[in-house]
Amino acid sequence: ILQSLRGPMIINVWGSWCTSCLAEMPEFVSFYSKAKGKVQLVGIAVEEKDPLDSQKFIESHGMTWPNFYDRDNKTRGYFGMGVPVTWFIDAKGAVKFKKIGIVKSESELIALTEKHLGVKI
């Protein structure tokens, strides 16, 4: 499935148990309100004890973009371990950049999107 993804797309790999993921989520919420229609944003919840944990996290943080729950840890082989990680995928499906660790600001997300995907927000 992951090989079939086409962008411009940003994939944010997160976990409801991850304090860094919690810290960066407001930046993604604000970014998505501006980026909708210009770049796709997709979330993947990993290493959750219970799918309800990720569902509650999505609802309580206003994450209105598509989010998937990796029940069987199948994405680990592709994305590796550790969160948060944010992937920038171009229109052909090539990974242009992988941001390991917390996105510190919305302006950082906007700058990375423009630099690696050529999309101005």
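Here is a short chat between a visitor and a guide about this predicted model.

Visitor: Which helix has the highest confidence in the protein chain?
Guide: Since this is a predicted model, confidence is a good place to start. The chain averages a pLDDT of 91, and 94% of the residues score at least 70. At the low end sits helix α3 (residues 76-79), with a mean of 70. At the high end, with 97, is α4.

Visitor: What length does helix α4 reach from its first C-alpha to its last?
Guide: Helix α4 runs over residues 106-117, which gives it 12 residues. At 1.5 Å a residue, the expected span is 16 Å. The model comes close to that, with a reach of 16 Å.

Visitor: How wide is the arc that the buried residues of α4 cover around the axis?
Guide: The buried residues here are Glu 106, Leu 109, Leu 112, Thr 113, His 116 and Leu 117. They all sit on the same side of α4, because the arc they cover around the axis is only 125°.

Visitor: And which exposed residues are on the face of α4 turned away from its buried side?
Guide: Let's start with the buried side, whose cover includes β1 (9-14), α1 (19-35), β4 (85-89) and β5 (95-100). Now turn to the face pointing away from that buried side. The exposed residues it carries are Ser 107 and Lys 115.

Visitor: Which residue just after α4 takes a positive phi?
Guide: Helix α4 covers residues 106-117. Just after it comes a residue with a phi of about 70°, and that is Gly 118.

Visitor: Which element gives the largest share of the largest nonpolar core?
Guide: That core has 31 residues, and those with the most contacts inside it are Ile 10, Ile 11, Trp 14, Met 25, Phe 28 and Trp 65. Two or more residues come from each of β1, α1, β2 (40-45), β4 and α4. The largest share is six residues, and it comes from α1.

Visitor: Met 25 is on that list, so which residues is Met 25 in contact with, leaving aside neighbours within four places in sequence?
Guide: Met 25 is among the residues with the most contacts inside the core. Once its neighbours within four places in sequence are set aside, the contacts of Met 25 are Asn 12, Trp 14, Phe 57, His 61, Met 63 and Trp 65.

Visitor: How far apart in sequence are the parts tied together by the Tyr 32 and Trp 65 pair?
Guide: The whole structure has three aromatic pairs. In this one, the rings are edge-to-face, 5.4 Å centre to centre with 65° between the planes. Tyr 32 belongs to helix α1 and Trp 65 to the loop between α2 (51-60) and β3 (67-69), so the parts that the pair ties together are apart in sequence by 33 residues.

Visitor: Is Tyr 32 buried or exposed?
Guide: Tyr 32 touches Leu 41, Thr 64 and Trp 65, not counting residues up to four places away in sequence. Its C-alpha is also 8.8 Å from that of Met 63, 31 residues apart along the chain. The relative accessible area of Tyr 32 is 12%, and the cut-off is under 20%, so Tyr 32 is buried.

Visitor: Are the rings of Phe 88 and Phe 97 stacked, edge-to-face or tilted?
Guide: Phe 88 is buried at 0% relative accessible area, while Phe 97 is partly exposed at 27%. Their ring centres are 6.0 Å apart, and their planes meet at 50°. Stacked needs under 30 degrees and edge-to-face over 60, so this pair is tilted.

Visitor: What is the relative accessibility of Gly 43?
Guide: Gly 43 has its place in strand β2. Not counting residues up to four places away in sequence, it touches Asn 12, Trp 14, Trp 65, Pro 66, Asn 67 and Phe 68. Gly 43 counts as buried, because its relative accessibility is 0%.

Visitor: Which residue other than glycine has a positive phi near 55°?
Guide: Look in the loop between β2 and α2. The residue there is partly exposed, at 28% relative accessibility. With its phi near 55°, it is Glu 47.

Methods. Residues are numbered from 1 along each chain as its sequence is written. This is a predicted model: local features need pLDDT of at least 70, side-chain atom pairs count only at pLDDT 80 or more; totals for chains, interfaces and linings use all residues. Side-chain values use heavy atoms; hydrogens and water are left out. Helices (H or I, at least four residues) and strands (E, at least two) are DSSP runs, numbered from the N terminus. The expected span of a helix is 1.5 Å times one less than its number of residues. Buried means under 20% relative accessible area, exposed over 50%, partly exposed in between (1.4 Å probe, protein chains only). The arc is that of the directions from the helix axis to the C-beta atoms. Contact means heavy atoms within 4.5 Å. A nonpolar core is a set of buried Ala, Val, Leu, Ile, Met, Phe, Trp, Tyr and Cys residues joined through side-chain atoms within 4.5 Å. pLDDT is the predictor's confidence in each residue, from 0 to 100. Rings of Phe, Tyr and Trp (its six-membered ring) pair if their centres lie within 6.5 Å; planes under 30 degrees apart count as stacked, over 60 as edge-to-face and the rest as tilted.
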